[in-house]
Amino acid sequence: MEVIIRPDKEKATDLVAKIIAKAVQHKPGLVLGLATGNTMEPLYAELAAIHRDEKLDFSLCRTFNLDEYVGLKAEHRNSYRHYMNEHLFSKINIDIRNTHLPSGTARDLDSECEKYEQKIKECGGIDLQLLGIGKSGHIGFNEPLSAFFSRTRVKALTPTTIAQNSPLFEKPEDMPKRAITMGVGTILDAKRIVTLVLGKAKSEILAKAVEGPVTSMVSASALQLHPKCVVITDEE
Ligand code: F6R
């Protein structure tokens, strides 16, 4: 695992944007794993700016998001499909049919998870997976004690994650308590992983993830096992 510390949030975010842009230039049909959350908003704005100003071409890219809330329709303003359309997909020239998120409203959630894994396989696997880390140490929604070989499945969210994300909901109590998430095993299968973690509030969990023991109590510590994982962070 390589850890790169940039002086501030903007420089760390710019570096991740450059890495993704270079990967897309190198392989126009890149299979890109994507994350949502506050950390990613400026990153997606930067990618949209690179597309606008430097004509970065996403037309052949395929994307797979890490997760989606159970029970939220795609049109719901807090769904991750809505987030991705708003922050990235509507601002670049990606073919929306090539963008994938699990459906949180599928009637059979288990079969939805299996289908998602299958689709990733059919696309040849994820070339570059973008990750953030939650305060619980989660990657995707793999909360503590997720098995390192887990695949896409439904997970119950911990109180820490509910406290982290519920303020984004109009009525915080409406935040779903379950999500579909790629498993730790699914994430570790990506050929390359780029993790962006910013700010003082994440410093303690980041230290555990990169310097602590590899343990399912901190899902992000599994990244230490990946042969090609870079963590980009700021001084704070
Ligand atoms: C969301 C996801 C999560 C977030 C993490 C950090 O798709 O995968 O693991 O990356 O919760 O979220 P922020 O950036 O909001 O602190």
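Contact, as the word is used here for what covers a residue, means heavy atoms within 4.5 Å. The structure is a predicted model. This briefing takes up its nonpolar core, two of its helices, the surroundings of its ligand, and several individual residues.

**Nonpolar core**

- The largest nonpolar core has 69 residues, and the members that touch the most others are I20 and Y44. Helix α1 (residues 9-26) gives this core its largest share, eight residues.
- Beyond its neighbours within four places in sequence, Y44 is in contact with L34, A35, Y83, M84, H87, L88 and L130.

**Helix α1**

- The 18 residues of α1 reach 26 Å from the first C-alpha to the last, close to the 26 Å expected at 1.5 Å a residue.
- At the start of α1, the backbone nitrogen of E10 has a side-chain oxygen of D8 within 3.2 Å.
- The buried residues of this helix are A12, T13, V16, A17, I19, I20, A21, A23 and V24. I20, listed among them, is also one of the two residues that touch the most other members of the largest core.
- An α-helix has 3.6 residues a turn, so residues three or four places apart point the same way.
- The cover over the buried residues of α1 includes the strands β1 (2-6), β2 (31-34), β6 (128-131), β9 (192-197) and β10 (229-234), together with helix α2 (40-54).

**Helix α2 and the residue after it**

- The end C-alpha atoms of α2 are 20 Å apart, which agrees with the 21 Å that its 15 residues should span at 1.5 Å a residue.
- Buried residues in α2 are M40, L43, Y44, L47, A48, A49, I50 and H51. Elements that cover them include α1, β2, α3 (80-87), β6 and β9.
- K55 follows α2 and has a positive phi, near 60 degrees. K55 is not a glycine, and its place is in the loop between α2 and β3 (62-65).
- K55 counts as exposed because its relative accessibility is 63%, and the cut-off for exposed is over 50%.

**Ligand surroundings**

- The ligand is surrounded by 15 residues, of which T36, T39, D67, H138 and K202 are the closest.
- In the side chain of H138, an N or O atom is 2.7 Å from an oxygen atom of the ligand.
- N38 approaches through its backbone, where an N or O atom lies 2.9 Å from a ligand oxygen atom.
- For Q164, a polar side-chain atom lies 3.0 Å from an oxygen atom of the ligand. The protein buries 95% of the 410 Å² that the ligand exposes when taken alone.

**Residues T158 and N165**

- T158 lies in the loop between β7 (153-156) and α5. With a relative accessible area of 19%, T158 is buried, because buried means under 20%.
- Apart from its neighbours within four places in sequence, T158 is in contact with S136, E143 and P144.
- N165 belongs to helix α5 (residues 159-165). Its relative accessibility is 7%, and N165 therefore counts as buried.
- Setting aside neighbours within four places in sequence, the contacts of N165 are Y69, Y80, F141 and M175.

**Residue L145**

- L145 has a positive phi of about 75 degrees although it is not a glycine. The place of L145 is in the loop between β6 and β7.
- L145 has a relative accessible area of 60% and is therefore exposed.

**Residue S203**

- S203 is found in helix α7 (residues 203-211). The side chain of S203 reaches the backbone oxygen of K200 at a distance of 2.8 Å.
- The relative accessibility of S203 is 30%, so S203 counts as partly exposed.
- From C-alpha to C-alpha, S203 and G183 are 24 Å apart in space, with their positions 20 residues apart in sequence numbering given as the separation.

Methods: Residues numbered from 1 in each chain as written. Predicted model: local features only at pLDDT ≥ 70, side-chain atom pairs only at ≥ 80, totals over all residues. Heavy atoms only, no water. Helix = DSSP H or I, 4+ residues; strand = E, 2+ residues; numbered from the N terminus. Buried < 20%, exposed > 50% of the residue type's maximum accessible area, 1.4 Å probe, protein only. Polar contact = N/O pair within 3.5 Å; in protein donor to acceptor, adjacent residues only side chain to side chain. Core = buried A, V, L, I, M, F, W, Y, C linked by side-chain atoms within 4.5 Å. Near = heavy atom within 4 Å. Areas by Shrake-Rupley, 256 points an atom, 1.4 Å probe, with all protein chains shown as cover. Expected span 1.5 Å × (residues − 1).
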